[in-house]
Amino acid sequence: MLPGSFRTRIASVVILLLLLVIGALYFAVQAATDAAVRSQTGEQLDAGARVFGHLLDRRGRQLHGAVQVLAADPGLKTALASGDSEAIRAVLASHGAQVDAGAVMLLDLDGRLALSTERQIDGQTARRLSSRLVAGQGAGVSSVLMPVAGGIYLLAQAAVAAPLPVGWVLMGVRLDQALVRELGELTLLELTLFARQEGVPVVWVSSQPVSPRGGAQADLALEHGAAGDLRRIGTERYLERRLVLARGDDFQVEARLYKSLSPAQRAFAPLDWHILAIALSALLAALGSALLLARTVSQPLRHLAAAAERVGQGDYQVPLELHRSDELDGLAKAFHAMQQGIAERERQLAHNALHDALTGLPNRVLAQEWLGSAIAAGRPTALLYVGVGNLRALNDSCGPGSSDLALQQLSQRLQASLRPGDSLAQLMTSELLLLLENSDGDSAVAVGDRLQQLLSQPLRIGNQEVVLDCCVGIATYPADGETPDDLLRRASIAMQDAAQLPGRLQMYEVGRDAAHQRQIGLIRDLRLAPANAELLLHYQPKLDIAAGQVRQAEALLRWRHPQLGMIAPGEFIPLAERTGSIQSLTAWMLEESLRQLREWNGRGLRMQLSLNISTEDLVDAKLPTRVEQLLMRYRVPAEQLIFEITESGVMVQPELALQVLHELRELGISLSVDDFGTGYSSLTQLKRMPVQELKIDQSFICDLDDASEDAVIVRSTIEMSHSLGLKVVAEGVELACSLRLLEHWQCDYAQGHLISRPLPAEAFEAWIAQPLKAPVLKTS
Ligand code: C2E
Ligand code: CA
Ligand code: CA
């Protein structure tokens, strides 16, 4: 049992209480028995005292009778008459012997001692005794007790008449130890007689061989100090009565009667043993039951504590049952309910932590765990990363909440398509992951293809049918990575690459990871590029073929990255368009072009500049206003600007884009269709656009020869454009023969390395100051 434990405390409290009760009971019983012993002993003492009185009285009367017999004895009278003192003494002695009288005296009428059988008694004493007896006789007392010559005597006297009074006879019985002991035995008491003379104790006679106090002096000395009638003598206690037997002017005789309390006490002695036995058994019983009680309380408490500890360690499985019918059982039930509540909430929390709230699908963390265990077990696994491109746009077209509905339907559709061993997770709002265990790249592509078909089936949102734009990227373990993070990232890269492909399905390609990392870095740094003065413009001349001169140039953006060096626009422009930084690049490019034009104008170099305008710029309704403000600020005529746009740029939001284009055109800016031939639109569609120029894409120009298919396309495009009143620019002219053909077909402008590469502003100025070289010049 632990010190200070619950059990110890209960046991000690119970035992303490019990000890108190037993103690109180014991003392109460002690007090009662003591009182009973004293009263019983007191009664015996009183009875003994009465018997003692009677005995003494009888003895006195006996003595009185004997002395009267002596006084009337004719033998005494004869002896007196003869005057023979020996004869008188013999008579006296013979009478005295009959009643054991220690002293018999003869006194004359005047009280003088004539004769005594006891030599120690002198005349003076005899006279005193006699006068005392005479005084007593007057009061009807027949005998008297007095201290005489070192002893206590019971005395009686009678007058001797022959027939006239001649004297007195006096008889005294000495109360010696034998007599006192006899009296003590008769009364069943211990007895001590005291005599005092002039207040000083002179005699004591005790029924015991030695005084109970060890001596008269000690006993008498106690007389003053002792209080009450209880006296401890040695180890025994006595009850005491004091009787004054006789009292004179100068003496007093006193009896002390003692009765020991021990006999009465002995009668009660078994009671003490009984109490002790009862106390011990009660103590044992109490201790036992206290321990039992403590056990019945502390054991369930220990169970509860152990259960609480288990719960603290996250173990909610063991049910807590006490099988009792008291408050502890209630506590255990409440505890059990609490444990289940915690377990349920923890399950919920764990589920929430690992599942998506909307679809209930496992989330990224769980997917990573699955992957981790597949990797740990070395199971080949394919990751199909599904991205939904147009999820957000659904909320705009089909109303708020549509994207959630679509996602739920999509996830249900995917779940229904799962084969045993496949698992589905939701990584982000619009990104899901399908894990195919024991699957290689080829079978993953087959599954991905089927998935594509499944996902391209229209969904029904409200009363609208929508088709989700789903891209599937595939990565496989162990081919594409060794860790869940690598695999997930690469599958996601494949998914992003898939978004650029018509089939919307792509396997991860080695090296795309590094390219992706570079892209992320570029996207991050691109935002700061304009402010950090990392951007610059190069200018590529546009040759007016018919005039054989250069009056136009295309401004092409360059980025000098502080760490990576020159970045080609082919790399960073699509990134900027995807991530929304293109508008800040366009703003910078616009301002820089106008500044350059202003500078050149100032120096008499009057150029028309073609500027590339992205799709994202065309859906910005404020673009025309901003351009107008810039034109005013730099005081450059709008006619010096040509904006190159792509067909696809107009197709995204045709109404807004057309509106912007018209406003730009109204400012006086010319519009040119870039990369013509790569898109889907036809020349007739161009009629709706306020364009003045068309740039045939360089893919048609680069290896142009008379007989090729491209030649047909280029030639017919030139003719059709002219019939629509559009100027035609051929891009990417690298060969003199191409230029000759273009010239022959009456193409208006040529742009390409044959004429010049894009040049920095200063180099461009220097280039343009020189005359054109031979292959560029017109042949006819
Ligand atoms: P683009 O508008 O088609 O520009 C023509 C591209 O063809 C330029 O590439 C130019 O250097 C290149 N080129 C010119 N002549 C030849 C040639 O004879 N042979 C070959 N192989 N290539 C030739 P660059 O400068 O790398 O620009 C690439 C694309 O970046 C541009 O294509 C344009 O779409 C975009 N871009 C460039 N600057 C800007 C800009 O300021 N804003 C926007 N939005 N896009 C820009
Ligand atoms: Ca261009
Ligand atoms: Ca182009």
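1. Let's start with the pocket. In this predicted model, the largest pocket is the space that ligand 1 takes up. That makes the ligand site a good place to open the file and look around.

2. Who lines the site? The shell around ligand 1 counts 20 residues, and those that come nearest are Gln540, Leu557, Gln698, Glu734 and His753. Sorted by class, the shell is made up of seven nonpolar, seven polar and six charged residues.

3. Next, the polar contacts, which are worth checking one by one on your screen. Glutamine 540 places a polar side-chain atom 2.9 Å from a nitrogen atom of ligand 1. For glutamine 698, an N or O atom of the side chain is 2.8 Å from an oxygen atom of the ligand. Glutamate 731 has a side-chain N or O atom 3.2 Å from an oxygen atom of ligand 1. As for cover, ligand 1 on its own has 790 Å² of accessible area, and the protein covers 80% of that.

4. Which secondary-structure elements each supply at least two residues of the shell around ligand 1? They are β19 (549-561), α15 (569-579) and β23 (670-676). Strand β19 gives the most, with four residues. If you colour the model by element, you can follow these pieces to the ligand.

5. On the overall layout, the domain assignment splits the protein chain as follows: domain 1 covers 42-207 + 230-262, domain 2 covers 364-510, and domain 3 covers 537-554 + 583-768. Between the C-alpha centres of domain 2 and domain 3 there are 41 Å.

6. Two backbone details deserve a friendly flag, and here is the background to them. Most peptide bonds are trans, and most residues other than glycine have a negative phi.

7. The first detail is a cis peptide bond, running from tyrosine 477 to proline 478, with omega near 10 degrees. Where does proline 478 lie? Its place is the loop between β16 (470-477) and α13 (484-499).

8. The second detail is arginine 504, a residue other than glycine whose phi is positive, near 55 degrees. Arginine 504 is found in the loop between α13 and β17 (505-507). When you go through the backbone, please give both spots a look: the cis bond before proline 478 and the positive phi of arginine 504.

Definitions and conventions: Residues are numbered from 1 along each chain as its sequence is written. Chains are lettered from A and ligands numbered from 1 in the order in which they are written. This is a predicted model: local features need pLDDT of at least 70, side-chain atom pairs count only at pLDDT 80 or more; totals for chains, interfaces and linings use all residues. Side-chain values use heavy atoms; hydrogens and water are left out. Domain bounds come from an automatic or database domain assignment. A residue is near a molecule or strand if one of its heavy atoms lies within 4 Å of it. A polar contact is a pair of N or O atoms within 3.5 Å; within protein, one must be able to donate a hydrogen and the other to accept it, and residues adjacent in sequence count only if both atoms are side-chain atoms. Accessible areas come from the Shrake-Rupley method with a 1.4 Å probe; for residues, only the protein chains shown count as cover. On a 1 Å grid over the protein atoms alone, a cavity is a set of points where a 1.4 Å probe fits but cannot get out, and a pocket is an open set with protein on both sides within 12 Å along at least five of seven lines; lining residues have an atom within 4 Å of a point. A molecule sits in a cavity or pocket if more than half of its atoms lie within 2 Å of its grid points. Ala, Val, Leu, Ile, Met, Phe, Trp, Tyr, Cys and Pro count as nonpolar, Asp, Glu, Lys and Arg as charged, and the others, Gly among them, as polar.
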